[in-house]
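Please walk me through how the side chains pack in this protein. Begin with the nonpolar cores, then turn to the aromatic rings.

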Amino acid sequence: MTPKDRFKTYITSIVPEDNIAILHHTDADGITAGLITKKSIKKLYSITIPLHFHQKDGKVTITKETIDLIKSNNINKLIIVDMAIDHDPESVKQLEQHAKLLLIDHHKASNNINSKITTAIKAEDLKDIPSSKYPASKMCYDLFSDLTDISDLSWLAAIGIWGDYAQSQWSDFLKKTAIPKPILEQIDELIFYSGSIKEKDGLTDAFNIIDIAKTPKDILKSTRLQSYKNTVKTELNKYLDAHKKDAQFHNNNTLIIYEISPIHRLKSRLINILSQKHYPDKTIVILEQHNNRIDISARRQDSKFSMNDMLKSALEGIPNSQAGGHIPAAGGYIPKEHLEQFKKQLIAYCKENPSLAAI
Ligand SMILES: [Mn+2]
């Protein structure tokens with residue numbers, strides 16, 4: 001069977017007695033992929049899917065909490081969008097004991113998890129383009145379009161395409177939806193900040209608000225989403241304004257270490273703004289304090305040396321620590337009591353790194 005046929009087989013096997021849930025990723029693409037799925041199934045069968053949810057911290061493989069939730073809610077069919085659950089086949093097997101799975105995803109494929117119980121559609125199964133350029137929302141739009149007319153949902157796919165930076169691949173499609181770029185940008189911001197607000201499930205609020213919106217402009221009218229954005233942005237700006245005073249500048253200002261303890265989840269936004277707009281040719285390390293642990297983010301836009309190697313070396317000899325990532329961006333954590341040792345090793349590593357001698 002072709003991937004499209006496998007998708008069709010799963011969807012056409014849905015019956016009113018099914019107890020279906022949707023699990024989506026924690027960004028604009030994940031939310032709109034989930035909404036296109038929910039609305040398409042409503043169109044096809046007049047079935048309203050009651051449960052939609054996401055995992056903590058944007059985790060893209062199945063967590064124990066998800067398996068417990070599926071069990072306790074007696075879900076027998078779970079549709080998962082924009083998540084790389086194939087990166088942990090063991091947890092998929094556990095989930096298969098409770099529900100038939102449908103995965104629609106465009107993260108790089110790692111394991112073939114197709115089975116009698118699981119139908120997995122990855123971007124590379126459908127189109128010969130880089131999988132990062134085929135967002136899950138557009139995959140869902142294309143797949144369900146083969147079963148019924150969902151052209152009234154194309155604006156949702158446009159939001160997902162925008163959120164995953166795939167505009168160049170789908171410029172004609174975006175043109176057809178005719179949503180002005182500033183509106184797509186503002187919606188993307190609202191979804192991002194709704195995921196950053198502490199102690200509220202802002203992303204589920206965003207899902208529900210977009211669900212009842214008739215047009216993209218309706219989303220911008222949401223006072224709840226606007227207030228999430230204002231709250232997080234106020235704190236983000238506070239850290240941006242204070243960085244010259246509070247950050248530590250080492251090794252002739254080539255290494256910037258910024259220790260923060262924000263209320264909201266703004267670390268990734270903060271470090272991206274600092275490294276892209278303010279210091280593209282410097283190494284930036286943000287240390288976020290928690291009760292017993294310090295989370296680390298490192299960036300360097302000019303890729304002069306590897307943030308991944310740097311963190312791994314700076315963690316040497318520190319127990320219960322971890323680091324991983326790529327050349328321009330890496331992250332990790334250390335136990336709180338090893339902060340000074342980490343900073344010392346980090347500064348020393350950057351001082352000794354030969355590729356920086358010329359700076
Ligand atoms: Mn995506």
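A nonpolar core is a set of buried Ala, Val, Leu, Ile, Met, Phe, Trp, Tyr and Cys residues joined through side-chain atoms within 4.5 Å. Buried here means under 20% relative accessible area. The model is predicted.

Start with the largest such core. It holds 76 residues. Ile 219, Tyr 258 and Leu 270 touch the most other members. Domain 1 (3-179) and domain 2 (247-356) each supply at least three residues to this core.

Now centre the view on Ile 219. Leaving aside residues up to four places away in sequence, Ile 219 touches Trp 155, Ile 159, Ile 187, Leu 190, Ile 210, Ala 213 and Leu 225. Another core lies apart from the largest one and has 23 residues. Leu 255, Leu 287, Phe 305 and Cys 350 are among them.

Next come the rings. Two rings pair if their centres lie within 6.5 Å. The count by this rule is seven aromatic pairs. One of the pairs joins Phe 7 and Phe 144. Their centres are 5.0 Å apart, with 80 degrees between the planes. Planes over 60 degrees apart count as edge-to-face, so this pair is edge-to-face.

Where do the two partners sit? Phe 7 lies in helix α1 (residues 3-12) and Phe 144 in helix α6 (residues 136-145), so the pair ties together parts that are 137 residues apart in sequence. Phe 7 is buried, at 1% relative accessible area. Phe 144 is buried too, at 0%.

Finally, look for charges over rings. Lys 138 lies over the face of Phe 173, 4.6 Å from the ring centre. Arg 269 lies over the face of Phe 192, at 4.3 Å from the ring centre.

Methods. Residues numbered from 1 in each chain as written. Predicted model: local features only at pLDDT ≥ 70, side-chain atom pairs only at ≥ 80, totals over all residues. Heavy atoms only, no water. Phe/Tyr/Trp six-rings, centres within 6.5 Å; stacked < 30°, edge-to-face > 60°. Helix = DSSP H or I, 4+ residues; strand = E, 2+ residues; numbered from the N terminus. Buried < 20%, exposed > 50% of the residue type's maximum accessible area, 1.4 Å probe, protein only. Lys NZ or Arg CZ within 6 Å of the ring centre and 35° of its normal. Domains from an automatic or database assignment. Contact = heavy atoms within 4.5 Å.
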